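Reader: I would like a close look at one part of this protein: the middle of its sheet. Please take me through the strands there and what lies around them.

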Amino acid sequence: MTRIGNSDLDVLPLALGGNVFGWTADRDASFAVLDAFVDGGGDFIDTADSYSSWVPGNEGGESETIIGGWLASRKPSGVVVATKVSQHPLFSGLSADNVRKAAEASLRRLGVDEIDLYYAHFDDASVPLEETVAAFGRLVDDGLVRHIGVSNYSASRIREWIDIAQRIGAPLPVAIQPHYNLVHRNDVEETIIPIAEEFDLGLVPYYALASGFLTGKYRSTDAEGQSSPRAQGAAKYATAAGLRIIDTLEEIGAKHDASIAATALAWLRAQPTVVAPIASARTADQVPDLLAGARLELSTEEVRLLDRVSEWTPAQA
């Protein structure tokens, strides 16, 4: 188990991504994935109020609704749920009024009294940051939210958030959710990890498997004929440099009887301040592989080898 920043949230070091629920996984498939995750020892679920508003016929909140239905049906013990605000079509932005209304809507969909970890999903420069910080603080004070996180914020804006929170006496964030993986490293390592180390913030990286590329399934830049809606996003990494990373993951994984995906997740977990990479599963049979990545321990030399082979790839430039 691992602690998220300086919070009291202690989780298995893998978060199950809820972005596929209501998109590529319907209610029954989502329930099966959630069951397999918890049965395998998982206890950290990540979603957002906007998932999956991009699907024709959806309006946003579908993932939260499915998770809420599963929570009500299964009544699991000790499960930590994180969600986010700012991108729902009806609750766009980070004004104080919107943050409150969006949180209340998320609570209803999830069917819980309190959100364990509530992120500002994307920075909103149209709203004074002090207004947003204070609004999140009031959610904690009122018992609607336990802990605060920021997602897709620059290091300078995270520092500004912390400065404001300290000045006005608001709760500090405990987590940062950045885009971070073996083919997307530099900005996080150069700017986000240092501020996370300085303020004891836990990183919960999304796109941990680079839209599926780091599973080894996509070895061509031509996504034609692929059934997955993520194929285009994954295929762009299938350059010579990207495929060297896949080959190295496969070689290291074979020594541990582990998959390419599990090895990629293990590398990410080994990075400073990383608490729990986020990975999604469309079917229950994909879940054990992800959970293996939460338990696989790479040697220092294996981590360094992956560091070297993934340094300055074209996808990062």
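Author: What follows starts with the whole model, goes to the sheet, and ends at a loop residue.

The model is a predicted one. The protein has 11 helices and 12 strands. Its C-alpha trace spans about 50 × 40 × 35 Å along the principal axes. The radius of gyration is 19 Å, which agrees with the value near 20 Å for a compact globule of 317 residues. Of those 317 residues, 56% count as buried. Take the contacts with a separation of 6 or more: residues 24 or more positions apart account for 76% of them.

Now the sheet. It is open and holds eight strands. Their order is S11-S10-S9-S8-S5-S4-S3-S12, and the pairing is parallel. S11 (202-203) and S12 (278-279) stand at the edges. Each has a single partner strand, so one side of each is left without a neighbour in the sheet. Helix H4 (residues 129-141) packs on the sheet and touches S5, S8 (115-120) and S9 (145-151). The direction of H4 makes about 155° with that of S9.

Go to S5, residues 80-85. On one side in the sheet order is S4, on the other S8. S4 covers residues 44-46 and runs parallel to S5, joined to it by three bridges. Within that pair, Ile45 stands opposite Val81 of S5. The link from S4 to S5 goes through helix H2 (residues 62-74), and the three make a right-handed β-α-β unit.

How many of the six residues of S5 are buried? Six of the six are, so S5 is largely enclosed by the rest of the structure. In a regular strand, side chains alternate between the two faces of the sheet. In S5 both faces are covered. Val80, Ala82 and Lys84 are buried on one side. Val81, Thr83 and Val85 are buried on the other. Note the lysine: Lys84 counts among the buried residues, which here means under 20% relative accessible area.

Next comes S8. S5 and S8 pair in the parallel sense over four bridges. Lys84 has Tyr119 of S8 as its bridge partner. S8 is also largely enclosed by the rest of the structure, because six of its six residues are buried.

One step further is S9. S8 and S9 pair in the parallel sense over five bridges. Tyr119 turns up again here, with Gly149 of S9 as its bridge partner. So you can trace a path across the sheet: Lys84 to Tyr119, then Tyr119 to Gly149. H4 belongs to this region too: S8, H4 and S9 make a right-handed β-α-β unit.

Past S9 in the sheet order comes S10. Follow the chain out of S10 (175-177) and you enter the loop that leads to helix H6 (186-199). Asn181 sits in that loop. Is Asn181 buried or exposed? Asn181 is buried, with a relative accessible area of 0%. Its side chain has backbone nitrogens close by in the same loop region. A polar atom of the Asn181 side chain lies 2.9 Å from the backbone nitrogen of Val183. The backbone nitrogen of His184 also lies 2.9 Å from a polar atom of that side chain. Leave aside residues up to four places away in sequence, and Asn181 touches Tyr207, Ala208, Ala210, Leu214, Trp267 and Leu268.

Definitions and conventions:
Residues are numbered from 1 along each chain as its sequence is written. This is a predicted model: local features need pLDDT of at least 70, side-chain atom pairs count only at pLDDT 80 or more; totals for chains, interfaces and linings use all residues. Side-chain values use heavy atoms; hydrogens and water are left out. Helices (H or I, at least four residues) and strands (E, at least two) are DSSP runs, numbered from the N terminus. Buried means under 20% relative accessible area, exposed over 50%, partly exposed in between (1.4 Å probe, protein chains only). A polar contact is a pair of N or O atoms within 3.5 Å; within protein, one must be able to donate a hydrogen and the other to accept it, and residues adjacent in sequence count only if both atoms are side-chain atoms. Contact means heavy atoms within 4.5 Å. Two strands pair if DSSP finds at least two bridges between them. Axes are lines fitted to C-alpha atoms, for helices over the stretch in contact, and angles run from 0 to 180 degrees between N-to-C directions. A crossover is right-handed if, with the strands pointing away from the viewer, the path from the first strand over the helix to the second runs clockwise. The radius of gyration is taken over C-alpha atoms; the globule rule is 2.2 Å times the number of residues to the power 0.38.
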